[in-house]
Amino acid sequence: MTLTQLISLCRLKVPAAPADVISDDDVTLILNNAALEIARKTKCLPTYATFDTVADQIEYDLLSLISDYLCPLDEDLQRVYYYDGSDYKSLDIVTLGYLDKNHLNWQADDSADPERCVILGDTLYLHPPASSAITDGILFYYCKKPQSMDDTHPYPFGGASEIPRLTPYHPILVTYYEIEANEILDKPNKTEKAKNKYVAQLKTMMAELHKDWSAMLLKSEKTRMRLPDYGQKYGQSMF
């Protein structure tokens, strides 16, 4: 569905909120908020990017390094690689507690080729820190932000073009709108009903996509390209 179609469906679902109550601009704002929340919860836009290592640097701010970064993938799908000069090597993803317990004074360890990392919020920690600056030294899998919908980017999640695998889930955005609209109208029963429907739809979406991605990730790792083939620095699609 396009933005125009979504707005029309929103009007049908909540006829008590015509344009003089909730304008088309406000409906668009709610739908874009919905797409952002759904992407964060379902990790429905998996991709990867590369960025440079800095000699002796432990912490990397992902928001400043990856322009469309939203959040990490689910734990079993998350991948981080370090380029050692000949190939990308997978890093163990651990916790700060693990480092504190198994590598005392890890923040003071000498630099070398990183072997493990921690993802905490929007920060990536490397251990040990890289001993040299390497262009595209880190390859990081993540969920990207959806393109905000507008007149020139009418499709949910995809912006200028539709993402067919996500088309069946477009109605979830309308359910999110039902929650917001009924709260505005002070309709608690209808709000609660829409919330329950939204949670159920999210669970179904997460389960279905996670199953597909697990299989596709396994396939992508078996056929993973070498450094010269990665192309542009940002925005590569995993699948």
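Helix axes here are lines fitted to C-alpha atoms over the stretch in contact, and angles run from 0 to 180 degrees between N-to-C directions. The model is predicted.

**Exercise 1.** Classify the packing of helix H1 against helix H2.

*Solution.* Start with the ranges: H1 spans residues 3-13 and H2 spans residues 24-42. Next, take the angle, which is about 105 degrees, with the axes 10 Å apart. Angles of 65 to 115 degrees count as roughly perpendicular. Therefore H1 is roughly perpendicular to H2.

**Exercise 2.** Find the residues that join H1 to H2, then sort them by class.

*Solution.* On the H1 side, list Leu3, Leu6, Ile7, Cys10 and Arg11. They meet Asp24, Val27, Thr28 and Leu31 of H2. Now sort: six residues are nonpolar, one is polar and two are charged.

**Exercise 3.** Compare the span of H2 with the expected value.

*Solution.* Count the residues of H2: 19. The expected span is 1.5 Å times one less than that count, giving 27 Å. From first C-alpha to last, H2 reaches 26 Å, close to expectation. Then look past the end of the helix: Lys43 follows H2 and has a positive phi, near 55 degrees.

**Exercise 4.** Trace the nonpolar cores, starting from H2.

*Solution.* Buried residues in H2 include Val27, Leu31, Ile38 and Thr42. Leu31 and Ile38 are also among the residues with the most contacts inside the largest nonpolar core, which has 62 residues. Phe140 is another of these. Beyond its sequence neighbours up to four places away, Phe140 touches residues including Tyr48, Phe51, Ile66 and Leu124. A second, separate core has six residues, among them Ile58 and Tyr125.

Technical notes: Residues are numbered from 1 along each chain as its sequence is written. This is a predicted model: local features need pLDDT of at least 70, side-chain atom pairs count only at pLDDT 80 or more; totals for chains, interfaces and linings use all residues. Side-chain values use heavy atoms; hydrogens and water are left out. Helices (H or I, at least four residues) and strands (E, at least two) are DSSP runs, numbered from the N terminus. Angles under 35 degrees count as roughly parallel, over 145 as roughly antiparallel, 65 to 115 as roughly perpendicular and the rest as oblique. Contact means heavy atoms within 4.5 Å. Ala, Val, Leu, Ile, Met, Phe, Trp, Tyr, Cys and Pro count as nonpolar, Asp, Glu, Lys and Arg as charged, and the others, Gly among them, as polar. A nonpolar core is a set of buried Ala, Val, Leu, Ile, Met, Phe, Trp, Tyr and Cys residues joined through side-chain atoms within 4.5 Å. Buried means under 20% relative accessible area, exposed over 50%, partly exposed in between (1.4 Å probe, protein chains only).
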